[in-house]
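Reader: I should be grateful for a close look at the surroundings of the ligand. Please follow it outwards into the parts of the chain that you can describe with it.

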Amino acid sequence: MNKYVLILISLLLSLSSISQNMIYDRLDIDQKVDSVLNLMTLDEKIGQMTQAERGALENQTDIAYYSLGSLLSGGGSAPASNTQQGWANMYDDYQTIALQSRLSIPLIYGVDAVHGHNNVYGAVIFPHNIGQGCTWNPELIKTANQIVAKEVAATGIDWTFSPCIAVPQNERWGRTYEGFGETAEIQKIMSGASVEGLQTSDLSSPETILACAKHFVGDGGTTNGVDQGNTVVTEDILRELHMAGYVDAIDMGVGTVMASYNSWNGQKLHGHDYLLNDVLKDELGFEGFVISDWKGVDQVHESYREAVKRSINAGIDMVMVPDRYIYFISILKSLVESNEVSEERIDDAVRRILKQKFLLNLFEEPFTDNSLASSFGSDEHRNIAKQTVRESLVLLNAKNDVLPLQKNNQKILVAGKLATDLGSQCGGWTISWQGSTGNITEGTNILNGIENIAGTSEIIYSENGDNNEDADVAIVVIGENPYTEGEGDRTSLNISQEQVNLVKKVKEKGIPVIVLLVSGRPMIIGEVLPYSDAFMPLWLPGTEGDGIAEVLFGDYLPKGKLTHSWPKEMAQIPISFGDENYNPLFDYKHGLQLFPTAVNSEELLPYAAVTDIQGNAIYLSLTDYITDLDYSSN
Ligand code: GLC
């Protein structure tokens, strides 16, 4: 709006009896944005485009002095009191400083709440996205995200860097578990639902937070699954496979998109003018703002000044610097003063940022809504997480009648370190950036869940399966310890020899063995399958381990279906549904929907891997029969 309208409004305000608020409220969002933008100096505009990590602040007063647009907590960057109240106090303290800036523009605070408010002790931790995808239940995932939004909002935080809608093609990639699955199909089903759960249709509601579809675009398609690597595909594949979910997220009004670290055919996404400006903003009509990834701008060019210039001109609106924010501000200012970055580009970026702040109602309600505190970590929230766990579990195969387990009159041996390791059950991005083993937060581990549901059945735990007591059946928990991002890149996904030996040892007791896999991706399980009478990937189920026991003991039927093709061996990876000569161990969408018994085996859907009455494997998979010699030995 031009300054003459502004003068008119201010004249009206001084003369009219109408309250400022009534005039103000009648302004639409864009007019409100312009009314603030027109008052801002170049320094204040550049400040709004700057996001600093809380721990990098040289002085907290820098928030006001530079009119910083945003702060973030990187993974694990928590206040001294890592509780809901501790975070709310921290947020309000930062916001109080932000409002001391000349124009009192509120800051927007971002965190990676990628499977719950996962930095905060006591928050409900949901299954990571690979498990959420296997539910094939967008309504449930929308509800799960509504709960995540409430728990994040209860700490004052306004913005989560989620959903990650990567479409991982190569399970060597350490971030495989952050995506919903290997196809555009599952990405589309889950991305809109996730955004709707976080933002609903009214961002001004105190229970909603700003979402961030990430990482645009092609993060899951890098060669050999190398994190932050190069995605070498045609534009058609990039659009059809990796970009499809962004259309749904934008249709759902996603407020931010995070640029990806990867390159597309050799050019870094953070500096990709065509993909960010022409495709994302112009063609797809994205009206929110593009946030860079952590130092993602730095990777665009060896000269930081050139990197900033290319990234901002390519369409990055806010830069997650996140440490040298004063230097960044000086660089961008010099670029504007030398006309290498135009004032129009700056104004466009700041408009986009301010618009989301107005939509969040931050100018009116900048502080924590303490009425949400009571629901943080509540049983009601945990019950939804439990349902998500139940529906995420995939029963790959089971011999007749070994499941469900009996709550009464059964002696059940539980073996494996991961049966009691809540940290591994949650995976990366939990309490700390990389996650960690052990009792890292409040929750129920796998063994606890089994003990909670058992009636008169005796539960015997033996980490290395050395117990000498007889048991009727055994559960052996194997899999991976936590990792995040590139730290999780692997060249081999074989089950460790130690864990293969454990499964074999327990099988030698001559009892049925149920193998549970805690992992962020399909692993190579050929060596343990012959010793397993049932095999169930749990993915990274989070804090609500009761959900696992509720399926194992038959309170609920297995329901999950694979969103990744399950490879037979490393040489098959990458393998995706639709490939020529498609021949995985288990198909995309495989998952038994009931417990095989001697009676119902004949009626099982035609891709079950079960056994006939004599216990011989029946392979009805849609793919080639599994070579019987490999897996039939018991
Ligand atoms: C990380 C991740 C990104 C995350 C950001 C902030 O490097 O790539 O997914 O949102 O930094 O923690």
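Author: The account below begins at the ligand and then turns to loops, peptide bonds and helix packing.

This is a predicted model, in which local features need pLDDT of at least 70 and side-chain atom pairs count only at pLDDT 80 or more, while totals for chains, interfaces and linings use all residues. Residues are numbered from 1 along each chain as its sequence is written, and side-chain values use heavy atoms, with hydrogens and water left out.

Around the ligand stand Asp112, Phe161, Arg175, Lys214, His215, Met258, Tyr261, Asp293, Trp294, Met320, Trp429 and Glu485; a residue belongs here if one of its heavy atoms lies within 4 Å of the ligand. Three of these residues can be described by their polar contacts (pairs of N or O atoms within 3.5 Å; within protein, one must be able to donate a hydrogen and the other to accept it, and residues adjacent in sequence count only if both atoms are side-chain atoms). The side chain of Asp112 places an N or O atom 2.5 Å from an oxygen atom of the ligand. For His215, a polar side-chain atom is 2.7 Å from a ligand oxygen. In the case of Glu485, the separation between an N or O atom of the side chain and an oxygen atom of the ligand is 3.2 Å.

His215 deserves a further word. It belongs to strand 5, residues 212-216; helices (H or I, at least four residues) and strands (E, at least two) are DSSP runs, numbered from the N terminus. The peptide bond between Lys214 and His215 is cis, with omega about -5°. Both Lys214 and His215 are listed around the ligand. In the loop between strand 5 and strand 6 (230-231) lies Asn224, a residue other than glycine whose phi is nevertheless positive, near 60°. A further cis peptide bond runs from Val321 to Pro322, its omega near -15°. Pro322 is found in the loop between strand 11 (319-320) and helix 14.

Trp429, also around the ligand, leads to Gln434. Gln434 sits in the loop between helix 17 (422-426) and helix 18 (446-453). Setting aside neighbours within four places in sequence, Gln434 is in contact with Gly428, Trp429, Pro482, Tyr483, Thr484 and Glu487, contact meaning heavy atoms within 4.5 Å. With Thr484 there is a polar link, the side chain of Gln434 reaching the backbone nitrogen at 2.9 Å. Ile431 is placed in the loop between helix 17 and helix 18 as well. Its C-alpha atom is 4.2 Å from that of Asn119, although 312 residues separate the two along the chain. With neighbours within four places left aside, the contacts of Ile431 are Gly76, Asn82, Asn118, Asn119, Val120, Tyr121, Ile440 and Thr441.

Helix 14, which follows the loop of Pro322, packs with helix 13. The axes of helix 13 (residues 304-314) and helix 14 (residues 325-337) come within 10 Å and cross at roughly 70°; axes are lines fitted to C-alpha atoms, for helices over the stretch in contact, and angles run from 0 to 180 degrees between N-to-C directions. Helix 13 and helix 14 are therefore roughly perpendicular to each other (65 to 115 degrees; under 35 counts as roughly parallel, over 145 as roughly antiparallel, and the rest as oblique). Their crossing is right-handed, the term for a near helix turned clockwise from the far one by less than a right angle, with left-handed for anticlockwise. Helix 13 contributes Tyr304, Arg305, Val308, Lys309 and Ile312, and helix 14 contributes Tyr327, Phe328, Ile331, Leu332, Ser334 and Leu335. This contact has eight nonpolar, one polar and two charged residues (Ala, Val, Leu, Ile, Met, Phe, Trp, Tyr, Cys and Pro count as nonpolar, Asp, Glu, Lys and Arg as charged, and the others, Gly among them, as polar).

Elsewhere, helix 10 (residues 235-242) and helix 12 (residues 273-283) have axes that come within 14 Å and cross at roughly 50°, which makes helix 10 oblique to helix 12. The crossing of helix 10 and helix 12 is right-handed. Here Glu235, Leu238 and Arg239 of helix 10 meet Tyr274, Leu275, Val279 and Glu283 of helix 12, a set with four nonpolar, no polar and three charged residues.
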